[in-house]
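Work through the exercises below with the sequence and the structure at hand. Each task is followed by a solution in steps.

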Amino acid sequence: MKKAYIINTEIISPLGFSVQENYESLVNGLSGVKQIDNYNYSNRSFYGAQIPEKKLEKAFKDLSANSEKYTKLEKMLLLAVAKVLDKNPNLDLKKTAVIISTTKGNIDALDRNNPFPKERAKLFESAKQLQAFFKLPQTPIVLSNACISGGLAIAVGKKLINHQNYEHAIVVGGDILSKFTVSGFSSFQALDTKVCAPFCKQRNGINLGEAAACVLLNAKPTAAELISIEGEATANDANHISGPSRTGDGLFKSIQNALKEAKLTSSEIDFISAHGTATLYNDEMEAKAFSRANLQETPLHSLKAHYGHTLGASALLETVISVECMKRNQLLPNFNFTQKGTSKKLNIITQLKQKSLKNVLKTASGFGGCNFAMLLKKHSA
């Protein structure tokens, strides 16, 4: 069975339009989360992370002269994929699976004053736009499974390579701020009135954000230092349509199964990139799952206070940053954390540290009780 290696990565976010720019922002303790006053989203101020329209337009005009043909989300996705393809000009697209992860896609097309037809809100419409733009031989797969979508899309790409269907997989994910998502999370009273604080005693809810991220998976190693997807698993805790399990059952089971596939033990995990939404219930659930998996001493962070919750892009974006951490052997701090806020012990990273990173765990959880865990492993050629 073939392995799947992560070869290239890209990010389009409020913190930058490259992995390098994003990582430097994180090292410097910058957050893309700001107070937003925009009646297109809400009749009240809220905190979120928004990509500047002018910056996006400028970047996209270097890619296409027909900017008006594409929605904001499509521009973000196209830019991310184009950057990866530019690094791989000889990529055989006939042997390449293309997978899109998103939760709500072009949901803003349903708004009354949106210039695009309502038909554009259908998720497969974005896939058709990508196919036409890059002249792909087949329509991309669209994957939408709440907030584990980005991680699950990587897992699907891995499986397609493992079973020799494809030599490569381009996995791209994105979501945008919209009236639908802001009003939805507001109705749950789940939005914090300041920059969110994952795993902190003072946490009080999420910030929403928008971003796109992309990874290229390959069946063959192409660099001196390689990162492979060693194991991944999903499990549903069947607890509630929006509330996580109170005992962490689904996430614990996902972690156990991912470890089993990777042939690793908890003691071999060097770092955890957690979901960490900063809601009272999510962070507590994760803490219980990590404790049950004997990971309470493993260094851990969440990136939600930097990016907000980018929904279908979040697990993908956070995987990209995890890969960069592995390359640099660095632990990034859990931004905006001041005091332990979960009943179970966690080893929250509070300062930038150097540490040799070989095995990294990425987790995600979402509405409907879905949970995801993935093990990344660094190899030297």
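**Exercise 1**

Is Glu10 buried or exposed, and what is its relative accessible area? Then find its salt-bridge partner and place both residues in the chain.

Solution. The model is a predicted one.

Step 1. Glu10 has a relative accessible area of 5%. The cut-off for buried is under 20%, so Glu10 is buried.

Step 2. Glu10 and Lys87 meet through their side chains in a salt bridge, 2.6 Å from N to O. This pair links distant parts of the chain: Glu10 belongs to strand S1 (residues 5-12) and Lys87 to helix H3, 77 residues apart.

Step 3. Lys87 has a relative accessible area of 45%, which makes it partly exposed.

**Exercise 2**

Describe helix H3 by its span and its cover, then find what Lys75 pairs with.

Solution.

Step 1. Helix H3 covers residues 72-87, which is 16 residues. From its first C-alpha to its last it reaches 23 Å, close to the 22 Å expected at 1.5 Å a residue.

Step 2. Of the 16 residues of H3, 13 are buried, and the helix is mostly covered.

Step 3. Lys75 makes a salt bridge with Glu57, with 2.3 Å between the closest N and O atoms. Lys75 is in helix H3 and Glu57 is in helix H2 (residues 53-61), 18 residues apart, and the pair links distant parts of the chain.

Step 4. Lys75 is buried at a relative accessible area of 8%, whereas Glu57 is partly exposed at 23%.

**Exercise 3**

How many salt bridges does a search of the whole structure find, and which residues share a network with Glu232?

Solution.

Step 1. The search finds 21 salt bridges.

Step 2. Glu232 and Lys158 form a salt bridge through their side chains, 2.8 Å from N to O. Glu232 is in strand S9 and Lys158 is in helix H5 (residues 149-162), so the pair ties together parts 74 residues apart in sequence.

Step 3. Glu232 is buried, with a relative accessible area of 7%. Lys158 is also buried, with 3%.

Step 4. Through salt bridges that share partners, Glu232 is joined with Lys158, Lys159 and Glu261 in one network.

**Exercise 4**

Explain why strand S9 counts as largely enclosed, and identify its pairing with strand S16.

Solution.

Step 1. Strand S9 runs over residues 225-236, and nine of its 12 residues are buried, so the rest of the structure largely encloses it.

Step 2. S9 pairs with strand S16 (residues 370-380) in the antiparallel sense, over 11 bridges.

Step 3. In this pairing Ile229 stands opposite Leu376 in S16.

**Exercise 5**

In what order do the strands of the open three-stranded sheet stand, and where does Lys34 lie?

Solution.

Step 1. The order is S2-S3-S7, with mixed pairing. Strands S2 (33-36) and S7 (208-209) are at the edges with a single partner strand each, so one side of each has no neighbour in the sheet.

Step 2. S2 pairs with strand S3 (residues 46-49) in the antiparallel sense over four bridges. Val33 is opposite Ala49 in S3.

Step 3. Lys34 lies in strand S2. Leaving out residues up to four places away in sequence, Lys34 touches Phe46, Tyr47 and Gly48.

Step 4. The side chain of Lys34 reaches the backbone oxygen of Ser31 at 3.3 Å.

**Exercise 6**

What surrounds the acidic residues Glu286 and Asp283 in helix H8?

Solution.

Step 1. Glu286 sits in helix H8 (residues 280-292), and Asp283 is found in helix H8 too.

Step 2. Glu286 is buried but has no salt bridge. Its nearest side chain of opposite charge is Lys362, 6.7 Å away. A salt bridge needs atoms within 4 Å.

Step 3. The side chain of Glu286 does make a polar contact with the side chain of Thr363, at 3.4 Å. Beyond neighbours within four places in sequence, the contacts of Glu286 include Phe199, Leu251 and His275.

Step 4. Asp283 has 0% relative accessibility and therefore counts as buried. Its side chain makes a polar contact with the side chain of Asn282, at 3.0 Å.

Step 5. Not counting residues up to four places away in sequence, Asp283 touches several residues, among them Pro198, Phe199, Arg203 and Thr342.

Note on methods
Residues numbered from 1 in each chain as written. Predicted model: local features only at pLDDT ≥ 70, side-chain atom pairs only at ≥ 80, totals over all residues. Heavy atoms only, no water. Helix = DSSP H or I, 4+ residues; strand = E, 2+ residues; numbered from the N terminus. Buried < 20%, exposed > 50% of the residue type's maximum accessible area, 1.4 Å probe, protein only. Lys, Arg positive; Asp, Glu negative; His and termini not counted. Polar contact = N/O pair within 3.5 Å; in protein donor to acceptor, adjacent residues only side chain to side chain. Contact = heavy atoms within 4.5 Å. Pairing = 2+ DSSP bridges. Expected span 1.5 Å × (residues − 1).
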